[in-house]
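Biologist: I am new to this structure and should like to understand the terms used for it. May I ask how each one is justified?

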Amino acid sequence: MNLNIKNLSVIYQNGSHSIQALEEVSIDIGHGKCVALVGESGSGKTTLGKACMGLLPSNASWKGRVNINGQQLENLDESVLNEMRWDKIAMVFQNRAGNLNPVHCIVDQVAEPLIQRGFSSRKQANIKAGKILEQMGVYREYLYRYPHQLSGGQLQRVLLAMAMILDPEIIILDEPTSSLDALSKLFISEIIDQFKSKGKAVLLITHDLEIAAGLADTVHVLYLGRILETLPASDLLLKPLHPYTLALGRSYPTMTTARDLGGIKGDVFYRLVHQHGRHDQDKYRHTHIQVPDSSHKDGHAPPFGCLFQSRCTQAINRCQNENVPLEKIGDHMVRCLRSGIADILSLKGVSKSYGNVPALYPTDLILKCGELFCLIGETGSGKTTLAMILAGMLKQDSGEKTFEGRDMDQWAKQEYQSLARRIGVIYQNPAESISPRFSVFEAVAEPLKIHKKAMSRESIQNGVSRVLARVRLSADPSFLKRYPHELNMGAIQRVCMARALILEPALLVADEPTSSLDPSVQAKVLKLLLDLQIELGLSMFFITHNIGLARKIGDRIGVMLAGRLVEVGPADKILSGPRHPYTQLLINSARGLVKNTFKPGSKEIKPVGCPFVSRCPRHKDLCREKSPEMVDLDYCRVRCHFPLTVDHLYEN
Amino acid sequence: MNVDLNRNIFQDTWFLTGFLLAAVFTITILVGPMLAPFDPWDMSFTPISPPCAKHLLGINDGGQDIFSELLFAIRNTVFFGLTSGLVALGVGVIIGLVAGWFGGLIDMILMRLADVLLAIPAIMILILTAALFRPSPFMLSLILAGLMWPTISKTIRAQTLAKRECLHVKAAARIGGGNWYIIRRHLMPEMFPLYLIGFASKTRMAMFMEASLAFLGLFDPTRKSLGLMIAYAVKYYYMDIWWNWLFPPILCLSLLIMTLTFLAISLEKILDPRLKSVELLSG
């Protein structure tokens, strides 16, 4: 049994305006497969489910093909369709209590399809229904209760039992786990797994990304009725390609990510289809995107280009008017002109040495747009060197760096200023990075003045007060006239932040930006940076010694040791299961689990072999003889001959 | 190097003395010609007369009023010194900053030039040019400035080399600030104390140089100058004229030099934190 949906478009008529709920959505579900649909509310998930069941309301008009096990939905008349519902294809609706009849006890309601189709007598039907309910985890005593006497989780199970009563081959589950406790969720996901193993095709509509990632084989990310990304479920939280998928993942609280929740900038829209003109309707018919209750004039946002453009943090001019096709990238399908989340900066074999002291061995690193990358590592491991190379303050000895697709060194040679303004830097010593003879105003306005962006005094003033508001500093004249030595460290750090942000850079390189702040100011400042990340899509490169901080803010973490990146990967992967023993040592010492690791004596590191060998409890002969190479390992890259496995994690 | 000027500076006796002397001389220079009772070139008085109520310092050998002469001479000496000092400061600062900031070949060329100039004795060049070409005193002050800038530029360059490593300078360069922007906004203001000190010492040196050249007779003999007055007076040292004719120009020259010395010392102490003593701050 399988379900094929091809180019399905659904429009809800609503007076002169109509809402485009789905546009050319194609989904294939083979038997034994589970496909998840995720997206914000209003993205058309439920409409799709209903369309498959032939249950769209009368004001909906649809185009495209829905093929249920070889039969075209549009060719079937209502009576055949009715036969097929529950028998071949069943749906578990959202809004549990509303879908049950309050005056019948649950077992009767579950048994109803059996009786109605004449499969069995009421008595037998009730026995069968009881069995199924029990399988679904409803206690026997509850069978004769009424819907209002059951809890939400129990009702969900009743609905599942109802859908299963005729043993359909295709099951559509609409938010089966919302507002359920963790145990009930687990139970339901086990049931869904059973469906899969029985060879049923499951369409899972959910905004629970963890469930989608755990249960589904493929995930479709729906936005305003269009599929923006189709991806293998395991990549959903760890390696999304579309900025929208990433933003969804950031907004979702999972058990493993410790990072603070981010949102998606802007609001959800409706897509309204206008019908203008009388004669040539199609010519004047166009789609608008409207924010609910927006002050937009008639909601006339641009009808062309990418649907996500106004909320996307990496939108470029092309996104406004070009049609965006669904493009295959690896095993993903992505609807993005920039082929998914773009790289903002990439280093290839970049190395640096001071005299004959190597500070950075050839390093490869890619920073993604809108990503917060945290670099951790011991002092003297080359973190600041790497950051200064990224910021363009140091020139590498070898290797290339590319920023926004352009070679950075050439860019710097040709038009240094345009490159410099794209990268903001917050220095390790904030107080020293401002001239002591500059007042707050002069310090903050300095980048603006250098770039001649705003020449009139008034526009400079506006720019300064805007950016000061952004870093939560007051812009009143008495504050602007103060000098750095009259400010406290927290204020200086924020002035530096304002300086780094005033030119609206695409990348912020920050060397311990909060080291001198007390925890309360640090919390405020970091919140602010994360807000900027959501609003402006600011990419950030942070150096920190505070692993707890990296855990709270980092999307990805890189670990440095003796001038080498030894481990790079998603923050939660690295922190919950480090693969490099050095990372493990860092994390364990941050947790206070390690004592007395300092060994006095020479810090000499031999040119061959792993730099960690002298401290590594697991080293073998190979580690002394050969420097390990970077290897890909489960979304991370690790430079270790014998990386730790999950089993090692539990040994400690 | 931030100094609370009001609090520190006037508590320093060195500065206070220098400041008061400077004030007196400034007034003398500004209103001198008006104070002068006679035209200093008027030779109609009885030569070598002792002071009287009419002629406060008496009459010199040419029949001129010494007091009027002195007022004009101070002006000339100070103007010479100021011109030289200012020009030397300007040239020195610019060359020091450029050499320090740009470094490399520019630095090398400018500093070797400075070394050459430092090796040549200024007085010799001045005597030779004055004797050979008879330039105007203004030209001579410019020539002197051209010989004096190397010491200023050496200090400025050294300070620039230190400042260019400052994070705020590097930060301004990274964000795209041009060379002149950084020199103007970041480096120049940082070295304010050095300008004062350099200017004071060079002006002092120039004034003394002017007096020396005049004493040696390398200027127009009718020009009023402290050096020239001393030179004329010295010819009659056997007569009883030292206290009314020889002493006043010597005293004025000494006081002028002392004024600048005092100011330089006190500013150096106050503005250079390494010399800042507790005593100075509290007392």
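Modeller: Certainly; please note that this is a predicted model. A good place to begin is the interface, where 20 residues of chain A are in contact with 14 residues of chain B.

Biologist: What makes residues of chain A and chain B count as being in contact?

Modeller: Two residues are in contact if their C-beta atoms lie within 7 Å. By that criterion, 20 residues of chain A qualify, against 14 of chain B. Helix H15 (440-451) and helix H14 (416-420) of chain A each supply at least two residues of this side of chain A, and H15(A) gives the largest share, 4 residues. By class, the side of chain A that touches chain B has 10 nonpolar, 6 polar and 4 charged residues.

Biologist: Why is the set that includes A:Ala36 called a nonpolar core?

Modeller: The term requires buried residues of nonpolar kinds, Ala among them, joined through C-beta atoms within 7 Å. The largest such set has 258 residues, and A:Ala36, A:Val110 and A:Phe541 are among those with the most contacts inside it. Helix H3 (residues 66-102) of chain B contributes the largest share, 16 residues. Beyond its neighbours within four places in sequence, A:Ala36 is in contact with residues including A:Leu204, A:Ala212 and A:Val219.

Biologist: How do you know that strands S15 and S18 of chain A pair?

Modeller: Pairing needs at least two bridges; S15 (residues 343-354) and S18 (residues 398-403) of chain A have 5 bridges, in the antiparallel sense, and therefore they pair. A:Ser351, for example, has A:Ser398 in S18(A) as its bridge partner.

Biologist: What makes S16 and S19 of chain A edge strands?

Modeller: In the open sheet, ordered S16-S15-S18-S19, strand S16 (357-368) and strand S19 (406-407) of chain A each pair on one side only.

Conventions. Residues are numbered from 1 along each chain as its sequence is written. Chains are lettered from A and ligands numbered from 1 in the order in which they are written. This is a predicted model: local features need pLDDT of at least 70, side-chain atom pairs count only at pLDDT 80 or more; totals for chains, interfaces and linings use all residues. A residue is buried if 20 or more other C-beta atoms lie within 10 Å of its own, exposed if 12 or fewer, and partly exposed in between; C-beta atoms are placed from the backbone. Ala, Val, Leu, Ile, Met, Phe, Trp, Tyr, Cys and Pro count as nonpolar, Asp, Glu, Lys and Arg as charged, and the others, Gly among them, as polar.
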